Every structure is written in C-alpha cells, then in structure tokens.
Amino acid sequence: MDECIFCKIIKGEIPSKKLYEDDKVIAFHDINPEAPIHFLVVPKEHIESVNALNEENSDIIAHIFKVINKLVKEEKIADSGYRIINNCGRDGGQTVNHIHFHVLGGKTLPMKLT
C-alpha cells in the first residue's frame, strides 16, 4: 500500500497532528476540519473499506469505537454530542481507500455537511 496516504501517516512519512496512537490504531486531526473538533481514527492495518472486513480483522472496529469513546471524553464533546462518519466506496464518498472514521463535534452539526 505504498500509495496510501494513511499508511504513510502511520509510518511517519507524512506528518500529522496526532491525538492518540497504540499498536492497532492512530487518531489525528483532519487537515480540512468541517467542525471545531474533527479527527480521524484509522487502523494501522491497511483495510480498504467496510467491504473488506472479515472474521480475521473485524475486531478492529470494536477497538476503534473504544478509542473514539476515550477521545470524545478528552475533547469534551461526549456530553454535547458528536458525529461519527465512515464513507464506503466511491458513491459513498470514500476518497482514501483505507477504512477510517471521522469524528466531528464542538458545534451543532447540520444534517448534511458540505
């Protein structure tokens, strides 16, 4: 996955503003935030999308949501609310073919982000 921007961020080849990292995931601020709080949580294993989840790798999703739970508390948006977005495939708006979850908060979010 030499061309994957998230793989390059994970390897440290591209800088990011990290919020969290462990042996399974990395979380970092979005470079084009759509809300006052906007970060991504990305598994270190290259998994292209939700469609590529299987019996061997699907446990990463539970771990990602545990990390999101921790980070929204640290970012102080757990009580006011936040949005978690995962885009899957071209028509779903996925622009990087590495599964990832956007977390947005810090303001009242519209039903449709533009």
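**Val41, His100 and the sheet**

Reader: Which residues does Val41 touch, not counting residues up to four places away in sequence?
Author: A contact here means heavy atoms within 4.5 Å. With residues up to four places away in sequence set aside, Val41 touches Val25, Ile26, Ala27, Ile64, Val67, Ile68, Leu71, His100 and Phe101.

Reader: At which pLDDT do side-chain atom pairs count in this predicted model?
Author: Residues are numbered from 1 along each chain as its sequence is written, and side-chain values use heavy atoms, with hydrogens and water left out. The model is predicted, so local features need pLDDT of at least 70, whereas totals for chains, interfaces and linings use all residues, and side-chain atom pairs count only at pLDDT 80 or more.

Reader: Which element gives the most residues to the largest nonpolar core?
Author: A nonpolar core is a set of buried Ala, Val, Leu, Ile, Met, Phe, Trp, Tyr and Cys residues joined through side-chain atoms within 4.5 Å, where buried means under 20% relative accessible area, exposed over 50% and partly exposed in between, with a 1.4 Å probe and protein chains only. The largest one has 16 residues, of which Phe39, Val41, Ile64 and Ile68 touch the most other members. At least two residues each come from strands S2 (25–29), S3 (37–43) and S5 (101–105) and from helix H2 (59–74), helices being DSSP runs of H or I with at least four residues and strands runs of E with at least two, numbered from the N terminus. With six residues, the element that gives the most is H2.

Reader: Is His100 buried or exposed, and what is its relative accessible area?
Author: The unreviewed UniProt entry lists His100 for "active site"; UniProt positions follow the numbering used here, with feature names shortened, and annotations may be inferred rather than shown by experiment. His100 sits in the loop between strand S4 (82–85) and S5, and, leaving aside neighbours within four places in sequence, is in contact with Phe6, Leu40, Val41, Val42, Ile85 and Asn86. His100 is buried, because its relative accessible area is 5%.

Reader: In what order do the five strands form the open sheet?
Author: Two strands pair if DSSP finds at least two bridges between them. Strand S1 (residues 18–21) and S2 meet this with three antiparallel bridges, and S4 and S5 with four, also antiparallel. The pairing in the open sheet is antiparallel, and the order of its five strands is S1-S2-S3-S5-S4.
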